[in-house]
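Reader: Could you show me, step by step, how to read a strand and the sheet around it?

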Amino acid sequence: MGFILATDTSCDIYRSELKARGIEYRPLVYTIGDDAFPDEFSSDAEYKAFYDEIRAGKMPTTSQINIAEHEEFFTMLAEKYSDDILYITLSSGLSSTNASAVHAAQTVSEKTGRTICVVDSLGATIAVRHVVDEAERLRNEGVPVVDAAKQLEDFVSHIQTWFMPVDLMHLKRGGRVSGPAAYIGTALNIKPIIFINKVGGLTVTHKIRGVPKAMAFMADKLKSDSAEVPHKFYIASADSEYAEEMLCRAKAVRPDCEGEIGWIGPVIGAHTGCGAVGISFIGNKLREI
């Protein structure tokens, strides 16, 4: 292998699967009430239980991985392995986790003499899955860590990710949507369409009436903006009743591509609430928004 591949758990790949693929990980943390939990999910039941907590009225919060925690993680990897390290993080446009990882990597690299490359995914959940998949391919092909990091920095800018939150009242409770906007949007069945923009932040691009039209919009984006070469796309689900339909719509427009439903885990699900659905695919050009 060309390097040791590691990530934080914003990728929402089952932790048991990460282990099976030889990918090290550092759990992110979410809090419900006074209790903090590591994001260590490896089953549908664990994800469903998290969303059941939200349905019961709980309002989870999340926290970043700080510099000290990253230093501890990188030191462990340097002691465990003799190869260089490539680490993929949650978007810098959504969290300071990436910045703390960069700082910690420099410190541990100076102490150990090991090269540690930190790659900003510029994404979250299913968007990070694309980056992990590509990094694994590069690792397995024996690409040197610095070259792999450079290739991934270009690759992430081609990932196109669209989300549709469903529960506007959850967004209101979390302070992400104003009260009037949530009430009016709910009454009129308006669904915001959110794009992960070119700096890895979130941009509301459209407000569409009704779930079917919103899903049709996202499927149209896959049809018009995805790369011509067949590739895998991911459907994101916050325990969403619409995930299967979104997958069918996507397959209808790109039957040549493999598609898979993936969970939106607690790190992002704490903010979207239940029911959100989205799609992420490799674009035919760089993100423009």
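Author: We will follow one strand of this predicted model and then its neighbours.

Reader: Where do the side chains of a strand point, and which residues of E11 lie on each side?

Author: In a regular strand, side chains alternate between the two faces of the sheet. In E11, Phe233, Ile235 and Ser237 are on one side, while Tyr234 and Ala236 are on the other, and all of these are buried, which leaves both faces covered. Because 5 of the 5 residues of this strand, residues 233–237, are buried, E11 is largely enclosed by the rest of the structure.

Reader: How do strands pair, and which strands are joined to E11?

Author: Strands of a sheet pair through backbone hydrogen bonds, in either a parallel or an antiparallel way. E11 pairs with E12 (residues 259–263) in the parallel sense over 5 bridges, and tyrosine 234 stands opposite glutamate 260 in E12. Between these two strands the chain passes through helix H10 (residues 243–253), making a right-handed β-α-β crossover. E11 is also joined by 4 bridges to E13 (residues 277–282), this time antiparallel, with alanine 236 opposite glycine 278 in E13.

Reader: What is the order of the strands in the sheet, and which strands stand at the edges?

Author: The sheet is open and has 6 strands in the order E10-E9-E8-E13-E11-E12, with mixed pairing. E10 (202–209) and E12 stand at the edges with a single partner strand each, so one side of each is left without a neighbour in the sheet. Neighbouring strands here are turned by 20° against each other on average, ignoring direction.

Conventions: Residues numbered from 1 in each chain as written. Predicted model: local features only at pLDDT ≥ 70, side-chain atom pairs only at ≥ 80, totals over all residues. Heavy atoms only, no water. Buried < 20%, exposed > 50% of the residue type's maximum accessible area, 1.4 Å probe, protein only. Pairing = 2+ DSSP bridges. Right-handed = clockwise from strand over helix to strand, strands pointing away. Axes fitted to C-alpha atoms, helices over the stretch in contact; angles between N-to-C directions.
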